[in-house]
Each structure stands twice: as C-alpha cells, then as structure tokens.
Amino acid sequence: MLTGCRTIVAVVIAATFASPLMAQTPQTRQQTEADRTRLKQQILTMEGVLVQAVNNGASDLVGQVRKVSRYADLALVGVPEVRGFIIDGFGIFFEVRVPAMSPTFSTYWQQQVARPRQQVRAQSVPMAGNGQQGPQQQVPPVVPIDPVLLSDPNAAYTQTVKAKLLDAMLESSGALRIPPDQFLLVAASDNTPPDPRFPNDRTDSRTVMFKVQSRALSDYHEKRITLEAAQKLVTITED
C-alpha cells in the first residue's frame, strides 16, 4: 500500500500550514469553547468514517480476490488508524494510517494465481505452423479480473482505498462546517512500522494527500455541484 514515516503530522503541518498559521484572524482566535467542543465531536465522527472507508476498500478487494480464487485470503498487517487535528487559520487535517498488505499474500498471489493465469492465456494462443490445423487444446475458462489486481495486488489495494477515502471525505464532511477559504486535508500512509534492519531506508516512502477547499465542499453539500464535479476539485498528490 502506502509507506510513510511516523513524523507525518509534524512534516505536513510544517510544510503545508506554515503560511496560513501566520495569517490567523482575531475572529478565528476568539472561537467560542462551545464551537470548539462541537467541532471536536464532529472530528471524532469523521475519524470513524475514514476508518470505515479503509475497511470498505479492503473488503472490496477481498471480494475481487475471492471471485478469482476461493483459497486466496487477503491478509493485512494491522488495523486502520485515524487522527484529526484542528489547524487554526487553515482548516482540518486527518492523518490516516492504512494497514499494509501482507508480503505472504503477495507471494501467494503471484505464484498461485497470476502466474498460472498467464500460462493459461499462453496455451490459448494458436501456434504458428505450416497452415494445417490440428486438434485444439481445451483451456479451462478464466474468470475476468482487473489487470491491475492480477499484475500488482498492492497497486490495486492502494487504488481501491484511495477511491473510498476520496468519496468519504466528500460525502461525510458537511457537519465539519469548515470556515470559508479554509481546507480539508486527508493524508494516508502505511501503518507498518519501519524495518529495524534498515532504519534509514526511505526509498519506498510515500504518502497520498487529498486537499479540498471548504467552498467546494459547501457547493457539493448544498447540491450546487455533483459528486463527480467535487472529485475534480480535490487536489491529490503523492510524495
């Protein structure tokens, strides 16, 4: 899935929120305690929504996997974790830690599913010869499968979870009531701890970030734009 370091919160806040924090307004600083309490409750609710989105992405992939092989069982390392933060002058930030796919499953998938299917396809292609047709070899039917899942189950997992997180942050963010011209940011990374044998290895470090302005969220929740239009207004970056 996605690999990220444990300092993601500090890095994201320092890199992304530095300028907005310098521009805090008196109105933002004087936010009432009641409003603050309500917002914290809504953030807790949103944390649960994002956890469920990750679980739904994994469940969808499990369904695809079992259509191909009833013996294949998608194994994940850990459980999803989400933490929300109020960033005065910027908006709301959610850190999402996504369970990684077990290396054991990836190995099984390549050896027991992907490779045999490639061999079946090769057997179904007629051999070039002298023009004479001999008896055709019977090839067992193959269940259709997403080519991304077949070639790279980790990429398919990332793709599925990203889609679920995008829909969740749009559809369930209305109650957050983010002030105008502020933002909702969701950063997703792998919750697998670093390998102690290679503590400084960050070659595969990657975080997917979704950023959308509150104005776009308001337009969507007030039915001025469609879900598809709102999705196009979300900036998605991978670092």
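At roughly what angle do the axes of helix 4 and helix 7 cross, and within what distance do they come? The model on screen is a predicted one, and this tour begins at that pair of helices before moving on to the sheet.

**First stop: helix 7**

Select residues 153–171, which make up helix 7 with its 19 residues; from its first C-alpha to its last the helix reaches 27 Å, close to the 27 Å expected at 1.5 Å a residue. Colouring this selection by accessibility should bring out the buried residues, among them P153, A156, Y157, T160 and V161, and further along the helix L165, L166, A168, M169 and L170.

**Second stop: helix 4 against helix 7**

Now add residues 33–68, helix 4, whose axis comes within 8 Å of that of helix 7 and crosses it at roughly 145°; the crossing is right-handed. To display the contact itself, show the side chains of M46, V49, L50, A53, V54, N56, G57, A58, D60, L61 and Q64 in helix 4, which meet P153, A156, Y157, T160, V161, K164, L165, A168 and M169 in helix 7. Sorted by character, the residues of this contact comprise 14 nonpolar, four polar and two charged.

**Third stop: the open sheet**

Hide the side chains and look for the five strands that form an open sheet in the order 2-3-5-6-7, with mixed pairing. Strand 2 and strand 7, the latter at 235–238, are the edge strands, each pairing on one side only, and the twist from one strand to the next averages 15°. Helix 4, already selected, packs on this sheet and touches strand 2, strand 3 and strand 5, its direction making about 150° with that of strand 2. Helix 8, residues 214–221, also packs on the sheet, where it touches strand 5 and strand 6 and makes about 70° with the direction of strand 6.

**Fourth stop: the hairpin of strands 2 and 3**

Select residues 81–87 for strand 2 together with strand 3, and follow the seven bridges over which they pair in the antiparallel sense. I87 stands opposite G91 in strand 3, and the two strands form a hairpin with three residues between them, where G89 in the turn has a positive phi of about 85°. Strand 3, residues 91–98, is mostly covered, since eight of its eight residues are buried.

**Last stop: strand 5 and its two partners**

Move across to residues 183–190, strand 5, which runs parallel to strand 3 and is joined to it by eight bridges. Useful markers for this pairing are G91, whose bridge partner in strand 5 is F183, and F93, which stands opposite L185. Why is strand 5 largely enclosed by the rest of the structure? Seven of its eight residues are buried, and therefore the surroundings largely enclose it. Finally, bring in residues 208–213, strand 6, which runs antiparallel to strand 5 and is joined to it by six bridges; here A188 has V208 as its bridge partner.

Conventions
Residues are numbered from 1 along each chain as its sequence is written. This is a predicted model: local features need pLDDT of at least 70, side-chain atom pairs count only at pLDDT 80 or more; totals for chains, interfaces and linings use all residues. Side-chain values use heavy atoms; hydrogens and water are left out. Helices (H or I, at least four residues) and strands (E, at least two) are DSSP runs, numbered from the N terminus. The expected span of a helix is 1.5 Å times one less than its number of residues. Buried means under 20% relative accessible area, exposed over 50%, partly exposed in between (1.4 Å probe, protein chains only). Axes are lines fitted to C-alpha atoms, for helices over the stretch in contact, and angles run from 0 to 180 degrees between N-to-C directions. A crossing is left-handed if the near helix is turned anticlockwise from the far one by less than a right angle, and right-handed if clockwise. Contact means heavy atoms within 4.5 Å. Ala, Val, Leu, Ile, Met, Phe, Trp, Tyr, Cys and Pro count as nonpolar, Asp, Glu, Lys and Arg as charged, and the others, Gly among them, as polar. Two strands pair if DSSP finds at least two bridges between them.
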